[in-house]
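Grab a pencil and work through these exercises on strands and surface charge. Each task comes with a solution in steps.

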Amino acid sequence: MTDNSQILKAAYFTLGCKLNFAETSTIGKMLAGRGIMRAAKGETPDICVVNTCSVTEVADKKGRRLIRSLAARYPSAAIAVTGCYAQLKPEEVAQLPGVDIVIGSNEKLKMAEYIDSWMTDRRKRVEVTPALKITEFSPSCEKGDRTRYFLKVQDGCDYFCTYCTIPFARGRSRSGNIADLVKMASEAAAQGGKEIVITGVNIGEFGKDNAQSLFDLLRALDDVAGIERFRISSIEPNLLTEEIIEWTANEARAFMPHFHIPLQSGSDKVLRLMNRRYDTSLFRSRIETIKEFIPDAFIGVDIIAGARGETPEEWEKSLDFAGSLDVTRYHVFPYSERPGTKALLLGDAVTQEEKHRRVALLTELSDRKTSAFMEKALGSVRPVLWEQPSGGEMMHGLTDNYLRVEAPYIPELINTISRVRLDSIHTTEPEIINASHIE
(Lines give C-alpha, C1' and ligand atoms only; values in the text may rest on other atoms or scores of the structure.)
Protein backbone atom coordinates (compact mmCIF):
# COMPACT_ATOMS: atom_id res chain seq x y z
CA MET A 1 0.00 0.00 0.00
CA THR A 2 2.77 2.42 0.86
CA ASP A 3 6.38 3.04 -0.22
CA ASN A 4 9.35 4.30 1.71
CA SER A 5 8.91 7.85 0.39
CA GLN A 6 5.56 8.36 2.08
CA ILE A 7 4.23 7.03 5.35
CA LEU A 8 0.47 7.48 5.43
CA LYS A 9 -1.29 8.48 8.63
CA ALA A 10 -4.80 7.52 9.72
CA ALA A 11 -7.08 8.99 12.38
CA TYR A 12 -9.84 6.93 13.99
CA PHE A 13 -13.20 8.11 15.30
CA THR A 14 -15.65 5.85 17.14
CA LEU A 15 -19.25 6.61 18.05
CA GLY A 16 -21.43 4.37 20.19
CA CYS A 17 -20.73 1.19 22.09
CA LYS A 18 -17.70 -0.68 23.42
CA LEU A 19 -18.14 -3.20 20.61
CA ASN A 20 -17.57 -0.42 18.09
CA PHE A 21 -14.45 0.64 19.98
CA ALA A 22 -13.08 -2.91 19.87
CA GLU A 23 -13.66 -3.12 16.14
CA THR A 24 -12.12 0.30 15.47
CA SER A 25 -9.03 -0.78 17.37
CA THR A 26 -8.81 -3.91 15.23
CA ILE A 27 -9.09 -1.83 12.05
CA GLY A 28 -6.25 0.36 13.32
CA LYS A 29 -4.06 -2.67 13.94
CA MET A 30 -4.80 -4.01 10.45
CA LEU A 31 -3.93 -0.70 8.80
CA ALA A 32 -0.75 -0.46 10.86
CA GLY A 33 0.19 -3.88 9.49
CA ARG A 34 -0.03 -2.33 6.03
CA GLY A 35 2.24 0.55 6.97
CA ILE A 36 -0.46 3.13 7.76
CA MET A 37 0.42 4.64 11.12
CA ARG A 38 -1.95 6.28 13.60
CA ALA A 39 -1.85 10.07 13.28
CA ALA A 40 -0.46 11.70 16.38
CA LYS A 41 -2.23 14.60 18.04
CA GLY A 42 -1.79 17.69 15.85
CA GLU A 43 -0.86 15.71 12.72
CA THR A 44 -2.97 15.90 9.57
CA PRO A 45 -4.25 12.43 8.65
CA ASP A 46 -4.33 11.06 5.12
CA ILE A 47 -7.24 8.78 6.01
CA CYS A 48 -10.09 9.26 8.50
CA VAL A 49 -11.88 6.08 9.60
CA VAL A 50 -15.29 6.72 11.17
CA ASN A 51 -17.12 3.89 12.94
CA THR A 52 -20.70 5.06 13.43
CA CYS A 53 -23.66 4.29 15.68
CA SER A 54 -27.35 4.43 14.79
CA VAL A 55 -29.14 3.41 17.96
CA THR A 56 -31.03 6.74 17.98
CA GLU A 57 -31.66 9.65 15.63
CA VAL A 58 -29.25 11.64 17.80
CA ALA A 59 -26.56 9.07 16.98
CA ASP A 60 -27.21 9.56 13.26
CA LYS A 61 -26.90 13.34 13.70
CA LYS A 62 -23.63 12.94 15.59
CA GLY A 63 -22.31 10.82 12.75
CA ARG A 64 -23.27 13.37 10.10
CA ARG A 65 -21.83 16.23 12.16
CA LEU A 66 -18.54 14.40 12.71
CA ILE A 67 -18.14 13.49 9.04
CA ARG A 68 -18.85 17.04 7.89
CA SER A 69 -16.38 18.46 10.41
CA LEU A 70 -13.66 16.04 9.27
CA ALA A 71 -14.27 16.94 5.62
CA ALA A 72 -13.90 20.63 6.47
CA ARG A 73 -10.87 20.17 8.70
CA TYR A 74 -9.00 17.68 6.51
CA PRO A 75 -10.12 18.38 2.92
CA SER A 76 -7.35 16.27 1.40
CA ALA A 77 -7.99 13.21 3.58
CA ALA A 78 -9.93 10.15 2.44
CA ILE A 79 -12.93 9.49 4.67
CA ALA A 80 -13.97 5.86 5.19
CA VAL A 81 -17.25 5.27 7.05
CA THR A 82 -18.55 2.05 8.54
CA GLY A 83 -20.75 1.00 11.47
CA CYS A 84 -24.49 0.88 12.03
CA TYR A 85 -25.34 4.22 10.39
CA ALA A 86 -23.41 3.17 7.28
CA GLN A 87 -25.18 -0.20 7.28
CA LEU A 88 -28.67 1.26 7.61
CA LYS A 89 -28.31 4.35 5.37
CA PRO A 90 -25.35 3.79 3.05
CA GLU A 91 -26.51 6.08 0.25
CA GLU A 92 -27.19 8.91 2.67
CA VAL A 93 -23.71 8.52 4.13
CA ALA A 94 -22.14 8.36 0.67
CA GLN A 95 -23.61 11.75 -0.17
CA LEU A 96 -21.94 13.46 2.79
CA PRO A 97 -18.99 15.71 1.88
CA GLY A 98 -15.59 14.06 1.67
CA VAL A 99 -16.82 10.46 2.00
CA ASP A 100 -14.87 8.06 -0.23
CA ILE A 101 -15.66 4.63 1.25
CA VAL A 102 -18.88 3.35 2.83
CA ILE A 103 -18.94 -0.24 4.04
CA GLY A 104 -21.41 -2.15 6.18
CA SER A 105 -21.18 -4.38 9.22
CA ASN A 106 -20.14 -7.48 7.29
CA GLU A 107 -17.34 -5.60 5.55
CA LYS A 108 -16.15 -3.60 8.57
CA LEU A 109 -13.12 -5.68 9.49
CA LYS A 110 -12.07 -5.77 5.83
CA MET A 111 -11.58 -2.01 5.90
CA ALA A 112 -7.89 -2.31 5.03
CA GLU A 113 -8.73 -4.09 1.77
CA TYR A 114 -11.19 -1.36 0.77
CA ILE A 115 -8.63 1.32 1.53
CA ASP A 116 -6.08 -0.62 -0.55
CA SER A 117 -8.47 -0.59 -3.50
CA TRP A 118 -9.32 3.08 -3.07
CA MET A 119 -5.63 4.00 -2.98
CA THR A 120 -5.23 2.26 -6.34
CA ASP A 121 -7.96 3.98 -8.35
CA ARG A 122 -9.52 6.68 -6.09
CA ARG A 123 -12.97 5.35 -6.99
CA LYS A 124 -15.74 5.80 -4.41
CA ARG A 125 -16.90 2.53 -2.92
CA VAL A 126 -20.23 1.73 -1.29
CA GLU A 127 -20.65 -1.89 -0.27
CA VAL A 128 -23.16 -3.18 2.25
CA THR A 129 -24.36 -6.76 2.71
CA PRO A 130 -28.04 -6.92 3.77
CA ALA A 131 -27.95 -7.47 7.51
CA LEU A 132 -30.11 -10.58 7.57
CA LYS A 133 -27.73 -12.24 5.11
CA ILE A 134 -24.70 -11.73 7.35
CA THR A 135 -23.48 -15.07 8.70
CA GLU A 136 -19.78 -14.43 9.32
CA PHE A 137 -18.41 -13.69 12.78
CA SER A 138 -15.31 -11.48 12.85
CA PRO A 139 -13.44 -11.69 16.18
CA SER A 140 -11.62 -8.79 17.77
CA CYS A 141 -9.46 -8.25 20.86
CA GLU A 142 -7.73 -4.88 20.98
CA LYS A 143 -7.09 -1.98 23.33
CA GLY A 144 -6.22 0.81 20.91
CA ASP A 145 -4.57 3.57 22.96
CA ARG A 146 -6.25 2.43 26.19
CA THR A 147 -5.13 0.17 29.00
CA ARG A 148 -8.05 -2.27 29.01
CA TYR A 149 -8.63 -4.76 26.18
CA PHE A 150 -12.02 -5.28 24.56
CA LEU A 151 -12.80 -8.83 23.47
CA LYS A 152 -15.63 -9.26 20.98
CA VAL A 153 -17.27 -12.64 21.61
CA GLN A 154 -20.64 -12.26 19.88
CA ASP A 155 -22.36 -10.11 17.24
CA GLY A 156 -25.90 -9.52 16.02
CA CYS A 157 -29.24 -10.06 17.74
CA ASP A 158 -32.32 -12.22 17.19
CA TYR A 159 -34.60 -10.37 19.61
CA PHE A 160 -36.16 -7.76 17.28
CA CYS A 161 -37.40 -5.47 20.04
CA THR A 162 -40.01 -3.21 18.48
CA TYR A 163 -38.06 0.04 19.04
CA CYS A 164 -34.63 -1.26 17.95
CA THR A 165 -32.74 -1.26 14.64
CA ILE A 166 -29.77 -3.31 15.83
CA PRO A 167 -30.78 -6.60 14.08
CA PHE A 168 -31.03 -4.63 10.84
CA ALA A 169 -27.65 -3.01 11.45
CA ARG A 170 -25.75 -5.99 12.88
CA GLY A 171 -27.61 -9.04 11.56
CA ARG A 172 -28.53 -12.27 13.28
CA SER A 173 -26.84 -13.51 16.44
CA ARG A 174 -23.54 -15.30 15.85
CA SER A 175 -20.64 -16.15 18.11
CA GLY A 176 -16.96 -16.89 18.27
CA ASN A 177 -15.51 -20.20 19.36
CA ILE A 178 -14.40 -20.60 22.97
CA ALA A 179 -10.98 -21.97 22.06
CA ASP A 180 -10.29 -19.08 19.68
CA LEU A 181 -11.47 -16.48 22.20
CA VAL A 182 -9.34 -17.97 24.98
CA LYS A 183 -6.35 -17.81 22.64
CA MET A 184 -7.02 -14.12 21.94
CA ALA A 185 -7.31 -13.39 25.67
CA SER A 186 -4.02 -15.25 26.27
CA GLU A 187 -2.35 -13.13 23.59
CA ALA A 188 -3.63 -9.98 25.32
CA ALA A 189 -2.11 -11.26 28.57
CA ALA A 190 1.20 -11.92 26.80
CA GLN A 191 1.15 -8.28 25.62
CA GLY A 192 0.83 -7.12 29.22
CA GLY A 193 -2.94 -6.78 29.41
CA LYS A 194 -4.46 -6.91 32.89
CA GLU A 195 -8.16 -6.35 32.18
CA ILE A 196 -10.51 -7.49 29.41
CA VAL A 197 -14.02 -6.20 28.78
CA ILE A 198 -16.19 -8.83 27.09
CA THR A 199 -18.23 -7.18 24.34
CA GLY A 200 -21.02 -8.12 21.96
CA VAL A 201 -24.48 -7.04 20.88
CA ASN A 202 -26.38 -9.65 22.90
CA ILE A 203 -23.68 -11.43 24.87
CA GLY A 204 -26.11 -13.71 26.66
CA GLU A 205 -26.87 -15.41 23.33
CA PHE A 206 -23.26 -16.50 23.02
CA GLY A 207 -23.03 -20.04 21.69
CA LYS A 208 -26.58 -20.14 20.36
CA ASP A 209 -25.21 -20.94 16.91
CA ASN A 210 -22.40 -23.34 17.86
CA ALA A 211 -23.67 -25.47 20.77
CA GLN A 212 -21.57 -23.61 23.33
CA SER A 213 -22.74 -21.42 26.20
CA LEU A 214 -21.88 -18.12 27.82
CA PHE A 215 -21.24 -19.80 31.16
CA ASP A 216 -18.75 -22.18 29.51
CA LEU A 217 -17.00 -19.18 27.93
CA LEU A 218 -16.80 -17.27 31.23
CA ARG A 219 -15.28 -20.23 33.06
CA ALA A 220 -12.74 -20.79 30.28
CA LEU A 221 -11.70 -17.13 30.25
CA ASP A 222 -11.40 -17.10 34.04
CA ASP A 223 -8.57 -19.63 33.69
CA VAL A 224 -6.48 -17.39 31.39
CA ALA A 225 -3.24 -16.73 33.24
CA GLY A 226 -2.13 -13.11 33.44
CA ILE A 227 -5.56 -11.51 33.04
CA GLU A 228 -6.54 -10.22 36.45
CA ARG A 229 -9.88 -8.68 35.58
CA PHE A 230 -12.82 -9.49 33.34
CA ARG A 231 -16.00 -7.45 32.92
CA ILE A 232 -19.15 -8.24 30.95
CA SER A 233 -20.10 -5.07 29.09
CA SER A 234 -23.89 -5.68 29.08
CA ILE A 235 -26.22 -8.65 29.40
CA GLU A 236 -29.98 -9.14 29.12
CA PRO A 237 -31.66 -9.88 32.48
CA ASN A 238 -33.27 -13.07 31.20
CA LEU A 239 -29.86 -14.33 30.07
CA LEU A 240 -28.00 -13.36 33.26
CA THR A 241 -28.67 -16.57 35.13
CA GLU A 242 -28.54 -17.06 38.88
CA GLU A 243 -25.85 -19.65 38.18
CA ILE A 244 -23.61 -16.98 36.61
CA ILE A 245 -24.24 -14.56 39.47
CA GLU A 246 -23.45 -17.12 42.17
CA TRP A 247 -20.34 -18.31 40.31
CA THR A 248 -19.10 -14.72 39.98
CA ALA A 249 -19.58 -14.24 43.72
CA ASN A 250 -18.17 -17.51 45.02
CA GLU A 251 -15.89 -19.19 42.49
CA ALA A 252 -14.70 -16.83 39.77
CA ARG A 253 -11.08 -15.74 40.07
CA ALA A 254 -11.10 -12.63 37.91
CA PHE A 255 -14.68 -11.54 37.16
CA MET A 256 -15.41 -8.19 38.75
CA PRO A 257 -18.41 -7.22 40.95
CA HIS A 258 -19.87 -5.15 38.14
CA PHE A 259 -22.98 -5.73 36.03
CA HIS A 260 -24.67 -3.74 33.28
CA ILE A 261 -28.26 -4.86 32.65
CA PRO A 262 -30.82 -3.22 30.33
CA LEU A 263 -34.25 -2.67 31.87
CA GLN A 264 -35.71 -0.20 29.29
CA SER A 265 -39.00 0.19 31.17
CA GLY A 266 -40.36 -0.45 34.64
CA SER A 267 -43.85 -1.06 33.23
CA ASP A 268 -44.82 -4.61 32.31
CA LYS A 269 -47.24 -3.31 29.68
CA VAL A 270 -44.53 -1.26 27.99
CA LEU A 271 -42.09 -4.18 28.18
CA ARG A 272 -44.63 -6.30 26.29
CA LEU A 273 -45.07 -3.56 23.68
CA MET A 274 -41.30 -3.43 23.33
CA ASN A 275 -41.17 -7.22 22.81
CA ARG A 276 -38.74 -7.62 25.68
CA ARG A 277 -38.13 -11.15 26.99
CA TYR A 278 -38.75 -10.56 30.70
CA ASP A 279 -41.03 -8.72 33.11
CA THR A 280 -40.35 -6.50 36.12
CA SER A 281 -40.61 -9.45 38.50
CA LEU A 282 -37.74 -11.27 36.80
CA PHE A 283 -35.69 -8.09 36.63
CA ARG A 284 -36.16 -7.40 40.33
CA SER A 285 -35.15 -10.96 41.18
CA ARG A 286 -31.88 -10.58 39.26
CA ILE A 287 -31.02 -7.37 41.10
CA GLU A 288 -31.88 -8.93 44.46
CA THR A 289 -29.77 -12.00 43.69
CA ILE A 290 -26.76 -9.85 42.80
CA LYS A 291 -27.12 -7.82 45.99
CA GLU A 292 -27.57 -10.96 48.08
CA PHE A 293 -24.35 -12.55 46.84
CA ILE A 294 -22.30 -9.40 46.01
CA PRO A 295 -23.56 -6.52 48.20
CA ASP A 296 -21.00 -4.02 46.89
CA ALA A 297 -21.52 -4.80 43.19
CA PHE A 298 -21.90 -1.86 40.84
CA ILE A 299 -25.10 -2.29 38.80
CA GLY A 300 -25.66 -0.06 35.78
CA VAL A 301 -29.09 -0.14 34.13
CA ASP A 302 -30.33 1.16 30.77
CA ILE A 303 -33.79 2.73 30.74
CA ILE A 304 -35.80 4.51 28.03
CA ALA A 305 -38.04 7.50 28.75
CA GLY A 306 -41.10 8.27 26.64
CA ALA A 307 -41.45 5.12 24.54
CA ARG A 308 -44.62 4.71 22.51
CA GLY A 309 -47.24 3.19 24.74
CA GLU A 310 -45.77 4.81 27.86
CA THR A 311 -48.94 6.59 28.94
CA PRO A 312 -48.83 8.82 32.05
CA GLU A 313 -50.02 5.85 34.11
CA GLU A 314 -47.39 3.48 32.72
CA TRP A 315 -44.72 6.16 33.13
CA GLU A 316 -45.53 6.48 36.83
CA LYS A 317 -45.25 2.69 37.18
CA SER A 318 -41.88 2.76 35.42
CA LEU A 319 -40.52 5.58 37.57
CA ASP A 320 -41.74 3.95 40.78
CA PHE A 321 -40.19 0.62 39.81
CA ALA A 322 -36.88 2.26 38.92
CA GLY A 323 -36.85 4.02 42.26
CA SER A 324 -37.47 0.80 44.15
CA LEU A 325 -34.41 -1.03 42.77
CA ASP A 326 -31.08 -1.19 44.59
CA VAL A 327 -28.96 -0.25 41.58
CA THR A 328 -26.04 2.13 41.17
CA ARG A 329 -26.68 4.13 38.03
CA TYR A 330 -29.31 4.55 35.33
CA HIS A 331 -28.20 5.22 31.79
CA VAL A 332 -31.19 7.22 30.59
CA PHE A 333 -32.20 7.51 26.95
CA PRO A 334 -35.14 9.41 25.46
CA TYR A 335 -37.13 7.20 23.11
CA SER A 336 -36.08 7.81 19.51
CA GLU A 337 -38.33 7.06 16.53
CA ARG A 338 -36.45 4.74 14.17
CA PRO A 339 -37.67 4.21 10.58
CA GLY A 340 -38.79 0.66 9.84
CA THR A 341 -39.38 -0.38 13.45
CA LYS A 342 -42.67 -1.87 14.62
CA ALA A 343 -42.86 0.64 17.45
CA LEU A 344 -44.03 3.23 14.92
CA LEU A 345 -47.27 1.25 14.63
CA LEU A 346 -48.02 1.63 18.32
CA GLY A 347 -50.17 4.42 19.65
CA ASP A 348 -49.68 6.79 22.57
CA ALA A 349 -46.76 8.81 21.23
CA VAL A 350 -45.12 11.01 23.86
CA THR A 351 -44.30 14.65 23.09
CA GLN A 352 -40.68 15.77 23.02
CA GLU A 353 -41.28 18.10 25.94
CA GLU A 354 -42.68 15.27 28.04
CA LYS A 355 -39.80 12.97 27.05
CA HIS A 356 -37.32 15.59 28.25
CA ARG A 357 -39.20 15.95 31.54
CA ARG A 358 -39.13 12.19 32.10
CA VAL A 359 -35.42 12.01 31.20
CA ALA A 360 -34.70 14.74 33.77
CA LEU A 361 -36.58 12.88 36.52
CA LEU A 362 -34.81 9.59 35.78
CA THR A 363 -31.45 11.37 35.65
CA GLU A 364 -32.08 12.92 39.06
CA LEU A 365 -33.01 9.48 40.40
CA SER A 366 -29.80 8.04 38.95
CA ASP A 367 -27.69 10.78 40.50
CA ARG A 368 -29.17 10.07 43.93
CA LYS A 369 -28.51 6.34 43.65
CA THR A 370 -24.95 6.85 42.42
CA SER A 371 -24.19 9.30 45.23
CA ALA A 372 -25.58 6.89 47.81
CA PHE A 373 -23.46 4.06 46.42
CA MET A 374 -20.32 6.20 46.49
CA GLU A 375 -20.99 7.48 49.99
CA LYS A 376 -21.30 3.90 51.18
CA ALA A 377 -17.87 3.20 49.69
CA LEU A 378 -16.16 6.03 51.58
CA GLY A 379 -13.25 4.83 53.69
CA SER A 380 -13.15 1.43 52.04
CA VAL A 381 -10.04 0.06 50.38
CA ARG A 382 -10.49 -1.19 46.81
CA PRO A 383 -8.09 -2.46 44.14
CA VAL A 384 -7.62 0.06 41.30
CA LEU A 385 -6.17 -0.59 37.86
CA TRP A 386 -4.43 2.61 36.76
CA GLU A 387 -4.94 3.62 33.14
CA GLN A 388 -2.82 5.68 30.80
CA PRO A 389 -3.87 9.33 31.08
CA SER A 390 -4.89 11.15 27.92
CA GLY A 391 -3.17 14.33 29.08
CA GLY A 392 -2.69 16.57 32.08
CA GLU A 393 -1.23 15.78 35.46
CA MET A 394 -3.81 13.25 36.70
CA MET A 395 -4.09 9.56 36.08
CA HIS A 396 -7.30 7.65 36.61
CA GLY A 397 -8.38 4.11 37.25
CA LEU A 398 -11.36 1.94 38.08
CA THR A 399 -11.95 0.00 41.26
CA ASP A 400 -13.02 -3.61 40.96
CA ASN A 401 -16.63 -2.42 41.38
CA TYR A 402 -16.29 0.29 38.72
CA LEU A 403 -15.77 3.46 40.74
CA ARG A 404 -13.57 5.96 38.95
CA VAL A 405 -10.57 7.16 40.95
CA GLU A 406 -8.07 9.90 40.10
CA ALA A 407 -4.60 10.55 41.49
CA PRO A 408 -1.49 12.52 40.55
CA TYR A 409 0.25 10.90 37.59
CA ILE A 410 2.85 8.29 38.56
CA PRO A 411 4.13 6.67 35.31
CA GLU A 412 5.33 3.45 36.92
CA LEU A 413 1.83 2.70 38.26
CA ILE A 414 0.15 2.66 34.82
CA ASN A 415 -1.28 -0.79 34.05
CA THR A 416 -0.69 -1.95 37.60
CA ILE A 417 -3.18 -2.59 40.38
CA SER A 418 -2.95 -0.73 43.71
CA ARG A 419 -4.97 -0.95 46.89
CA VAL A 420 -6.54 2.47 47.36
CA ARG A 421 -8.50 4.02 50.21
CA LEU A 422 -11.46 5.99 48.84
CA ASP A 423 -11.48 9.34 50.58
CA SER A 424 -14.34 11.34 49.07
CA ILE A 425 -17.32 11.04 46.75
CA HIS A 426 -15.28 12.76 44.05
CA THR A 427 -11.99 11.09 44.88
CA THR A 428 -9.10 13.12 43.47
CA GLU A 429 -6.16 12.21 45.69
CA PRO A 430 -6.84 8.79 47.20
CA GLU A 431 -4.48 7.22 49.67
CA ILE A 432 -2.55 4.49 47.86
CA ILE A 433 -2.20 1.78 50.49
CA ASN A 434 -0.15 -0.66 48.48
CA ALA A 435 1.21 0.07 45.01
CA SER A 436 2.61 -3.40 44.48
CA HIS A 437 1.13 -6.02 42.19
CA ILE A 438 -1.94 -7.67 43.71
CA GLU A 439 -2.22 -11.42 43.34
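**Exercise 1. Trace how β1 and β2 are joined.**

Start with the pairing: β1 (residues 9-14) and β2 run parallel and share 2 bridges (strands are DSSP E runs of at least two residues, numbered from the N terminus; two strands pair if DSSP finds at least two bridges between them). For one such contact, look at Ala10, which sits opposite Arg38 in β2. Now follow the chain: it leaves β1, passes through helix α1 (residues 18-33) and arrives at β2 in a right-handed β-α-β crossover (with the strands pointing away from the viewer, the path from the first strand over the helix to the second runs clockwise).

A quick note on the model: it is predicted, so local features need pLDDT of at least 70 and side-chain atom pairs pLDDT 80 or more, while totals for chains, interfaces and linings use all residues. Residues are numbered from 1 along each chain as its sequence is written, and side-chain values use heavy atoms, without hydrogens and water.

**Exercise 2. Work out the strand order of the sheet.**

Take β1 again: on β3 it has a parallel partner, with 5 bridges, and Tyr12 is matched with Val49 there. Next, step from β3 (residues 47-52) to β4 (residues 78-83), a parallel pair held by 6 bridges; Ile47 has Ala78 as its bridge partner. Put together, the open sheet has 6 strands, ordered β2-β1-β3-β4-β5-β6, with parallel pairing. Finally, mark the edges: β2 (37-38) and β6 (125-127) each pair on one side only.

Technical notes: Helix = DSSP H or I, 4+ residues; strand = E, 2+ residues; numbered from the N terminus.
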